[in-house]
Amino acid sequence: MRLPEIEHTARPWRIHEIASDFRLEDVWSYRTPGAGPDDFPAMLAALRAAGGLNVNPPVVRFLFAVRWRLGALFGWDKPRQGLAGRVGTLCDRLPDDLRQDAAGDPVPNTPFTMVYELRDECAIELANKTAHDICHLGWVAKDDGEYELRMAALVKPNGPFGRLYMAAIKPVRYLVVYPALTRKWERAWRNRHMYS
């Protein structure tokens, strides 16, 4: 479910320290019935076990395939357009207490790399010719005492082209990608015991 921006900005996430120059694009919540305060690692493990971008409904796989083909055709995803090419990685901004061995490692089956992972939040990033993107995941207590997963997309578009690209894909994100992601991530939580 889509949430107001304040549901991300008002929380004391560590990402605020290192990404204050990024624009908050989206904030979504995902139901995790029965989740408690210490279940964030279990949620992340379930997401990893459920697969990355390759394990999605056919329409979502098709959209990502089109995006990667366009990226190859127009050179959007060349290494010089990415992290340590066009932009620096957020890992270089991390304070000492957030530096981890896995920082900068690829996230399997996705185009993202790890920035940091804590007991209640993590951040991954990607960069290409269109934008520098952060996917921030957080673990939040609800009014009923249970916890749920929150995802915030933070972005720094690359000039006018990047802003146009982000505006063009917004309807696709809201109508296709996020609903499919919601079904997949909520199912991953429900089926988490199958992966352990």
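These exercises work through a predicted model of one protein chain.

**Exercise 1. Overall fold**

Find how many helices and strands the chain has, and in which pattern they follow each other.

*Solution.*
Step 1. Count the elements: the chain has six helices and five strands.
Step 2. Read along the sequence. The pattern is α-α-β-α-α-β-β-β-β-α-α.

**Exercise 2. Size of the chain**

Work out why the radius of gyration of the chain agrees with that of a compact globule.

*Solution.*
Step 1. Start from the length, 196 residues.
Step 2. The rule is 2.2 Å times the number of residues to the power 0.38. For 196 residues, a compact globule would therefore have a radius near 16 Å.
Step 3. Compare: the chain has 16 Å, so the two agree.
Step 4. Add the box. The C-alpha atoms fill roughly 45 × 40 × 30 Å along the principal axes.
Step 5. Look at sequence separation. Take contacts between residues at least 6 apart in sequence; 64% of them join residues at least 24 apart.

**Exercise 3. Strand β5 and its partners**

Describe where β5 lies, which strands pair with it, and how they run.

*Solution.*
Step 1. Locate the strand: β5 covers residues 147-157. Ten of its eleven residues are buried.
Step 2. Take strand β1, residues 23-30. Seven bridges join β1 to β5, and the two run antiparallel. In this pairing, Asp26 stands opposite Ala153.
Step 3. Take strand β4, residues 131-141. Eleven bridges join β4 to β5, again antiparallel. Here His132 has Lys156 as its bridge partner.
Step 4. Follow the chain from β4 into β5. The two strands form a hairpin, with five residues between them. Gly145 sits in the turn and has a positive phi of about 95°.

**Exercise 4. Asn109**

State where Asn109 lies, what is notable about its phi, and whether Asn109 is buried, partly exposed or exposed.

*Solution.*
Step 1. Place the residue: Asn109 is in the loop between α4 (58-74) and β2 (113-117).
Step 2. Check the backbone. Phi of Asn109 is near 60°, a positive value in a residue other than glycine.
Step 3. Recall the cut-offs: buried is under 20% relative accessible area, exposed is over 50%.
Step 4. Asn109 has 47% relative accessibility, so Asn109 counts as partly exposed.

**Exercise 5. Surface and charge**

Report how much of the chain is buried, what area is exposed, and how the charges are placed.

*Solution.*
Step 1. Buried residues make up 46% of the 196 residues.
Step 2. The chain exposes about 10,400 Å². Carbon and sulfur atoms supply 58% of that area.
Step 3. Count the charges: 27 side chains are positive and 24 are negative. The centres of the two sets lie 10 Å apart.

Notes
Residues numbered from 1 in each chain as written. Predicted model: local features only at pLDDT ≥ 70, side-chain atom pairs only at ≥ 80, totals over all residues. Heavy atoms only, no water. Buried < 20%, exposed > 50% of the residue type's maximum accessible area, 1.4 Å probe, protein only. Helix = DSSP H or I, 4+ residues; strand = E, 2+ residues; numbered from the N terminus. Pairing = 2+ DSSP bridges. Contact = heavy atoms within 4.5 Å. Areas by Shrake-Rupley, 256 points an atom, 1.4 Å probe, with all protein chains shown as cover. Lys, Arg positive; Asp, Glu negative; His and termini not counted. Charge placed at Lys NZ, Arg CZ, Asp CG, Glu CD.
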